[in-house]
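Me: I'm new to this one and would like a close look at a single part of it. Could you walk me through that part slowly, explaining the terms as you go?

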Amino acid sequence: SPCSPGEQGDQGAQGEPGAPGEPGRDGTQVVLGTESPEGACADGDVFIDTAEVRFYSCADGAWAAATG
């Protein structure tokens with residue numbers, strides 16, 4: 001025969017904090033400007049030329065106009 005669950009017990013005491021996690025990956029940077037991007041970038045970064053409404057992405061450490 002099936003058992004019926006009993007009443008909910010009281011909340012237990014707070015446990016000890018856990019160990020810190022590993023550092024996460026660097027995130028994607030979105031940069032706005034009014035001309036073509038120049039300078040260093042990290043792969044995956046995005047640049048938006050707000051004057052010309054053009055998008056650029058960083059691949060292999062260099063900016064390139066996004067296609068699509």
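How many residues lie between β3 and β4 in their hairpin, and which residue in the turn has a positive phi?

Reply: Two residues sit between β3 and β4, and aspartate 60 in that turn has a positive phi of about 55°. Before we dig in, a few ground rules. This is a predicted model, with local features needing pLDDT of at least 70 and side-chain atom pairs counting only at pLDDT 80 or more, while totals for chains, interfaces and linings use all residues. Residues are numbered from 1 along each chain as its sequence is written, and side-chain values use heavy atoms, leaving out hydrogens and water.

Let's start with the turn. Aspartate 60 lies in the loop between β3 and β4, and it isn't a glycine, yet its phi is positive. Strands here are DSSP runs of E with at least two residues, numbered from the N terminus. At 74% relative accessibility, aspartate 60 counts as exposed; exposed means over 50% relative accessible area, buried means under 20%, and partly exposed is in between (1.4 Å probe, protein chains only).

On either side of that turn, β3 covers residues 54-59 and β4 covers 62-65. The two run antiparallel, joined by four bridges; strands count as paired if DSSP finds at least two bridges between them. Across this pairing, cysteine 58 stands opposite tryptophan 63 in β4. Keep an eye on both of those residues.

Now zoom out a little. The hairpin belongs to an open sheet of four strands, in the order β1-β2-β3-β4, with mixed pairing. At the edges are β1 (30-33) and β4, each pairing on one side only. On average, neighbouring strands are turned by 25° against each other, direction ignored; the angles are taken between N-to-C directions of lines fitted to C-alpha atoms and run from 0 to 180 degrees.

On its other side, β3 pairs with β2: four bridges join them, and they run antiparallel. That makes another hairpin, with four residues between the strands, where valine 53 takes a positive phi near 50°. Valine 53 is in the loop between β2 and β3, and at 59% relative accessibility it counts as exposed. β2 (residues 46-49) is also joined to β1 by four bridges, and those two run parallel.

Back to cysteine 58, which has a covalent partner. A disulfide (a pair of cysteine sulfur atoms within 2.5 Å) joins cysteine 41 to cysteine 58, with the sulfurs 2.1 Å apart. Cysteine 41 lies in the loop between β1 and β2 and cysteine 58 in β3, so the pair ties together parts that are 17 residues apart in sequence. The torsion about their S-S bond is about 75°, so this disulfide is right-handed. Cysteine 41 and cysteine 58 are both buried. A search of the whole structure turns up one disulfide, and cysteine 3, for its part, counts as exposed at 76% relative accessibility.

What about tryptophan 63? It is buried, with a relative accessible area of 18%, and it has an aromatic neighbour in phenylalanine 47. Rings of Phe, Tyr and Trp (its six-membered ring) pair if their centres lie within 6.5 Å; planes under 30 degrees apart count as stacked, over 60 as edge-to-face and the rest as tilted. There are two aromatic pairs in the whole structure. Phenylalanine 47 and tyrosine 56 are edge-to-face, at 6.0 Å centre to centre and 70° between the planes. Phenylalanine 47 and tryptophan 63 are edge-to-face too, at 5.9 Å and 65°. That pair links distant parts of the chain, with phenylalanine 47 in β2 and tryptophan 63 in β4, 16 residues apart. Together, Phe47, Tyr56 and Trp63 form one aromatic cluster.

Phenylalanine 47 crops up in the bridges as well: its partner in β3 is tyrosine 56, and valine 31 has phenylalanine 47 as its partner in β2. It is buried at 8% relative accessible area and is on the covered face of β2 with Asp49, while Val46 and Ile48 are on the uncovered one.

Finally, these pieces meet. Cys41, Phe47, Tyr56, Cys58 and Trp63 make up the largest nonpolar core, five residues in all. Such a core is a set of buried Ala, Val, Leu, Ile, Met, Phe, Trp, Tyr and Cys residues joined through side-chain atoms within 4.5 Å.
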